[in-house]
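User: I'd like a close look at just one part of this model: the salt bridges, and the helix that carries some of their side chains. Please take me through it in one go.

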Amino acid sequence: MGLIKHEQIAGMNCHYYNYSLEYFFTSMEKAGFETVALWGGAPHFYLDYQHFSDCRQIRKAAQRHGQTIRCFTASSGTYGYQMGMQPKTQRDRVYHYYLNGIRATAELGSKMMVMNSGWGYFDESFKSAWERSKDMIASLCEAAAKEGVVLTMESLRRAESQLCWNLENTRRMFEEIRHPSLKIMIDTTAMGVAGETPEEWFQTFGGQIVNTHFIDGTPYGHLAWGDGTQPLQAWLETLQRNKYQGILGLEITARKYYEDPAACDLQNMKILSKYL
């Protein structure tokens, strides 16, 4: 149907948690993927505020299997590494953690690092958490510019954060920072849970949207395409209408896929291929 390009479909390694990174790249090649959006978490990638994995070797492994790494995610699923961290000494570590993530992104040959607003304590003032997060992201934008990397900010679900959990708060954060190294990412699960649509995001951000986590859901759940209820063709038509050229990152996190993640990606590619 000509709604997307092959290289826009980007496999992710989140649900290959029980398998090696080599197995992931092999599975991507077998399923016909050309692009990956690398999730930088254990056991596939080691990153902390002092060290990170040998990116040259990972880049070579991807290339051996015909893969281009289009973006990198510095894992932020735990409280220890998130933008709204409270104690000053720990905020310094968070900054250097993401600084290493930016450097890793560049060494992997990518131009985009995925991040989010983080969150503060739910029993503290919104303003305090908001200002800490904003200051951290603004500082990282300066570092990203020096490395030729852009930060693509996704929203979270309301249960995960009181900061950028919807379109309005994401717009506010983006406008308050206003840095050329900060761009916007749509996470279709967070978007769906907030009751929003891709068209609303494009009406707000337009060409500033350069990345997506493009997954099925109910809207809850980061599901393989065909396992949820989201309107795939309508969403793809929205992307085409808005001349979206970024990737469609398949961020599958539901644990039911952990036993056989390769089958999940064969399913994703089979369904998405109908729209190439």
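Analyst: **Salt bridges around helix α5**

Let's start with a foursome: Glu-131, Lys-134, Arg-172 and Glu-176 are linked in a network of salt bridges (a side-chain nitrogen of Lys or Arg within 4 Å of a carboxyl oxygen of Asp or Glu). Bear in mind that this is a predicted model, where local features need pLDDT of at least 70, side-chain atom pairs count only at pLDDT 80 or more, and totals for chains, interfaces and linings use all residues. Residues are numbered from 1 along each chain as its sequence is written, and side-chain values use heavy atoms, with hydrogens and water left out.

Who sits where in that network? Arg-172 and Glu-176 fall within α5, which covers residues 167–177, while Glu-131 and Lys-134 fall within α4, residues 126–147. Helices (H or I, at least four residues) and strands (E, at least two) are DSSP runs, numbered from the N terminus.

α5 also has a pair of its own. Glu-168 and Arg-171 meet in a salt bridge, with N to O at 2.3 Å. Both residues belong to α5 and are 3 residues apart, about one turn of the helix. For accessibility, the bins are buried (under 20% relative accessible area), exposed (over 50%) and partly exposed in between, with a 1.4 Å probe and protein chains only. Glu-168 has a relative accessibility of 42%, so it counts as partly exposed. Arg-171 gets that label too, because its relative accessible area is 24%.

Now for the buried face of α5. The buried residues are Leu-167, Asn-169, Thr-170, Met-173, Phe-174 and Ile-177. Two of these, Asn-169 and Thr-170, sit in the sequence between the salt-bridge partners Glu-168 and Arg-171. Following the buried set outwards, you find it packing against two helices, α4 (126–147) and α7 (198–205), and two strands, β5 (150–154) and β6 (182–187). α4 therefore comes up twice: it packs against the buried residues of α5, and Glu-131 and Lys-134 from its range share a salt-bridge network with Arg-172 and Glu-176. Just past the end of α5, the backbone does something worth a look in your viewer: Arg-178 takes a positive phi of about 45°.

How many salt bridges does a search of the whole structure find? The count is 12. Two more pairs are worth pulling up alongside the ones in α5.

One is Glu-124 with Arg-132, whose side chains meet with N to O at 2.7 Å. Are these partners buried or exposed? Glu-124 is buried, because its relative accessible area is 18%, and Arg-132 is buried as well, at 13%. Arg-132 falls within the α4 range of 126–147, so if you have that helix on screen for the network, Glu-124 and Arg-132 can be picked up in that view too.

The other is Asp-54 with Arg-56, and here the side chains meet with N to O at 3.9 Å. Asp-54 is partly exposed, because its relative accessibility is 39%. Arg-56, at 59% relative accessible area, is exposed.

Terms used:
Contact means heavy atoms within 4.5 Å.
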